[in-house]
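Let's take a walk through this protein together. Pull up the structure and keep the sequence handy, and we'll go from one helix to the next.

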Amino acid sequence: FQPILSDLTLLGPPTGASLRRAIVEPALRCGYRFEDEGIVEEMLAEVEGERGALPMVAFTAAQLWEQRDREAGYLTQEANDQLGGVGGALAQHAEATLTEIGDDGIPIVRELFRNLVTAQGTRASRDRDELLSVFGVSGARYPATARFPTSSHGLAGGRPSAPADHAPDEAAPGAAETEGAAHVLDTLVDARLLTSYETGNEDEVPHHRIEIVHESLLKAWPRLVRWQTQDADGAKLRDELRAQAQLWEQHGRSVDYLWTGTAYREFQLWRERYPGGLTSLEEAYARAMTAHAERRRRRRRMAVAAAFFVLLAVLGVVGGFWRRSVAEARRAEAAKLLVIAQLQLEPDPTEALAYATASLELADSEETRIFALKAREEAPPILALQGLGYSGRVPVFSPDGHWLALAGQAEELLVFSGD
C-alpha cells in the first residue's frame with residue numbers, strides 16, 4: 001500500500017468548523033440561509049463524534065431544503081421542528097426504507113435491531129458474521145431468496161457491493177436464511193441506518209462491525225421504540241447471555257462458565273418466551289448448558305439410585321442382625337425353660353412337661369424334644385373333662401388317687417375312674 005499512499009492524501013471525516021461549512025455554504029451558494037443559527041448548532045451537537053456525521057447532516061439539510069421558504073430564502077426553524085432534527089429525519093428515512101424492503105423483510109429488520117440495541121436502550125456494536133449467524137442457526141424462519149433494493153433516499157455512501165461469487169452454499173444449513181438476512185442488512189447499511197466499519201490491527205484479519213448509525217434513532221423512530229418496549233422483559237437476560245457466552249468462549253468453553261441451577265432454569269423459561277434468535281456462539285452456549293444439565297441430572301439419578309441400594313443393603317444387614325438377635329433371645333429363653341423343666345422332672349413330671357412344651361414353642365431343638373418324650377412317659381395320665389362348663393363343682397380325689405368326684409350345688413354327683 002505504501003507506493004499508493006505516497007501519492008494520496010487521506011482525508012478523515014469533517015468535524016467542527018469543516019462540518020459547519022459543509023452544512024452552510026451549499027445553501028449560501030444557492031442564495032439561502034438558515035433562519036436561525038441554532039438549527040446548525042443543533043445539527044452539529046446531534047452528530048458530534050458519530051462515524052456517519054456528514055451523511056446524516058447532509059440528509060437532514062436536504063430534507064430542510066425540500067421545505068425551504070422560497071420567498072424569504074430561508075431554511076426555516078418551523079421545518080426543522082416538524083422534521084425533528086437529525087433524529088426525526090432519520091426516523092422518517094427509516095420508515096421509507098422499510099417500505100422499500102417490504103413486509104417480508106420487516107421480521108429480519110426487527111431481529112437485526114434487536115441484536116444491535118442493549119437492554120439499557122443504547123447502541124451495541126456487533127460483528128457482521130456473528131449478527132448474521134442469528135438467521136442461520138436459531139431455527140427461526142426468515143425470507144431466504146428475496147432481493148431487496150438499495151435505498152435511494154439520499155444518505156450518500158454505503159458499503160461496497162458483495163462479489164457475486166460469495167453466494168453461500170445452498171446445501172449448508174441456514175445458508176438460505178443467512179443470504180436473505182444479508183441482503184436486508186446491506187440495504188440498511190446502504191440507507192445509512194446502520195454503519196459498517198472494520199476493526200483490528202494490520203497483522204490481524206479485519207473484523208466487520210455493525211452498529212446503529214445514531215443514538216437518536218433509538219428514541220426518535222416510533223417503530224423501533226415500540227419494538228424495544230415489547231422486548232424489554234427479555235432484553236436484560238439476552239445481554240447477560242451474550243456476555244456469558246463470550247466469557248465462556250474466551251476461557252476455552254470450560255464447563256465452569258456454564259449457567260447451572262437457578263440461572264439455567266431462568267434461561268429455559270426465558271428461551272421459551274423469547275421471540276428472537278440466538279447467534280451461533282449463543283446457540284452453542286445454550287446447547288452446552290443443556291448437555292451439562294442433562295449430565296448433572298443423570299449423575300443425580302445415579303447417585304439417588306446408588307443411595308437407595310445402599311439403604312436397602314443397610315436395612316437388610318440391620319434386619320438380619322435384628323432377626324438373629326431375636327432368634328438368640330428365643331433360644332436363650334427356651335434354654336432357661338428347659339433347665340426349669342429338668343429341675344421339675346422328678347418332683348412334678350407334669351409341670352416339667354409343660355415347661356418343655358413352652359421351650360419347644362420358643363425354639364425347637366432335638367434335646368428338648370427328647371426331654372419332652374421322657375417327661376411324658378414319667379408323668380401320670382391327664383384327664384381332660386370337656387363340656388362341663390362352670391357349675392360350681394369342686395373336684396375331690398380318693399385317697400388312692402384312683403377316683404375323682406365332682407360335687408357342688410347341683411343335686412348330681414359325678415364320679416370318674418382312673419381306668
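Helix 6, helix 7 and helix 10 (217–220) are among the parts that cover the buried residues of helix 11. Those buried residues are Arg223, Leu224 and Trp227, in a helix that runs over residues 222–230. Look down the axis of helix 11 and they fall within an arc of 95°, so they line one face of the helix. Flip to the other side of helix 11 and you'll find Pro222 and Thr229, both exposed.

Before going further, a word on how far to trust what you see. This is a predicted model, and the protein chain averages a pLDDT of 80, with 80% of the residues scoring at least 70. Among the elements, helix 7 (residues 106–116) has the highest mean pLDDT, 93, while helix 1 (residues 2–5) has the lowest, 55. Two stretches deserve some caution. Over residues 143–153 the pLDDT stays under 50, although the model has 33 contacts there beyond four places in sequence. Residues 160–173 also stay under 50, and for them the model has four such contacts.

Now zoom out. The protein chain has 16 helices and eight strands. Of its 419 residues, 37% are buried. If you take the contacts between residues at least 6 apart in sequence, 66% of them join residues at least 24 apart.

Helix 3 (residues 37–47) is another good place to look at sidedness. Here Ile39, Val40, Met43, Leu44 and Val47 are buried. They cover an arc of only 130° around the axis, which puts them on the same side of helix 3. The general rule behind this is that an α-helix has 3.6 residues a turn, so residues three or four places apart point the same way. And what do the buried residues of helix 3 pack against? The list is helix 2 (16–29), strand 1 (33–34), helix 4 (53–66), strand 2 (74–75), helix 5 (77–83) and helix 6 (85–101).

Check the ends of helix 3 too. Asp36 caps the N-terminal end, with a side-chain oxygen 2.8 Å from the backbone nitrogen of Gly38. After the helix comes Gly49, which has a positive phi, near 80°. Helix 3 also has a salt-bridge partner: the side chains of Arg20 and Glu37 meet at 3.4 Å, N to O. Arg20 lies in helix 2 and Glu37 in helix 3, so the pair ties together parts that are 17 residues apart in sequence. Both ends of that bridge are partly exposed, Arg20 at 26% relative accessibility and Glu37 at 45%.

That pair is one of 17 salt bridges in the structure. Some sit within a single helix. Glu333 and Lys336 form one, with the closest N and O atoms 3.8 Å apart, and both lie in helix 14, three residues apart, about one turn of the helix. Glu333 is partly exposed at 34% relative accessibility, whereas Lys336 counts as exposed at 52%. There is also a network of salt bridges linking Arg110, Glu111, Arg114 and Asp231.

Helix 12 brings us to a pair of arginines worth viewing together. Arg242 forms a salt bridge with Asp239, at 3.2 Å between the closest N and O atoms; the two both lie in helix 12, three residues apart. At 5% relative accessibility, Arg242 counts as buried. Arg126, in strand 3 (residues 126–127), touches Arg242 along with others, including Asn115, Leu131 and His208. Which side chain of opposite charge is nearest to Arg126? Asp239 again, but at 4.6 Å away, and the buried Arg126 has no salt bridge. A salt bridge needs the nitrogen and oxygen within 4 Å, so that pair does not make the cut. Still, the backbone oxygen of Asn115 lies 2.8 Å from a polar atom of the Arg126 side chain.

Two more arginines are worth a click for their backbone. Arg192, in the loop between helix 9 (175–190) and strand 4 (194–199), has a positive phi of about 65° although it is not a glycine. Arg253 has a positive phi too, about 55°, and is placed in the loop between helix 12 (232–250) and helix 13 (261–273). Arg192 is buried, with a relative accessible area of 18%, while Arg253 is partly exposed at 41%.

Note on methods:
Residues are numbered from 1 along each chain as its sequence is written. Side-chain values use heavy atoms; hydrogens and water are left out. pLDDT is the predictor's confidence in each residue, from 0 to 100. Helices (H or I, at least four residues) and strands (E, at least two) are DSSP runs, numbered from the N terminus. Contact means heavy atoms within 4.5 Å. Buried means under 20% relative accessible area, exposed over 50%, partly exposed in between (1.4 Å probe, protein chains only). Lys and Arg count as positive and Asp and Glu as negative; His and the chain ends are not counted. A polar contact is a pair of N or O atoms within 3.5 Å; within protein, one must be able to donate a hydrogen and the other to accept it, and residues adjacent in sequence count only if both atoms are side-chain atoms. The arc is that of the directions from the helix axis to the C-beta atoms.
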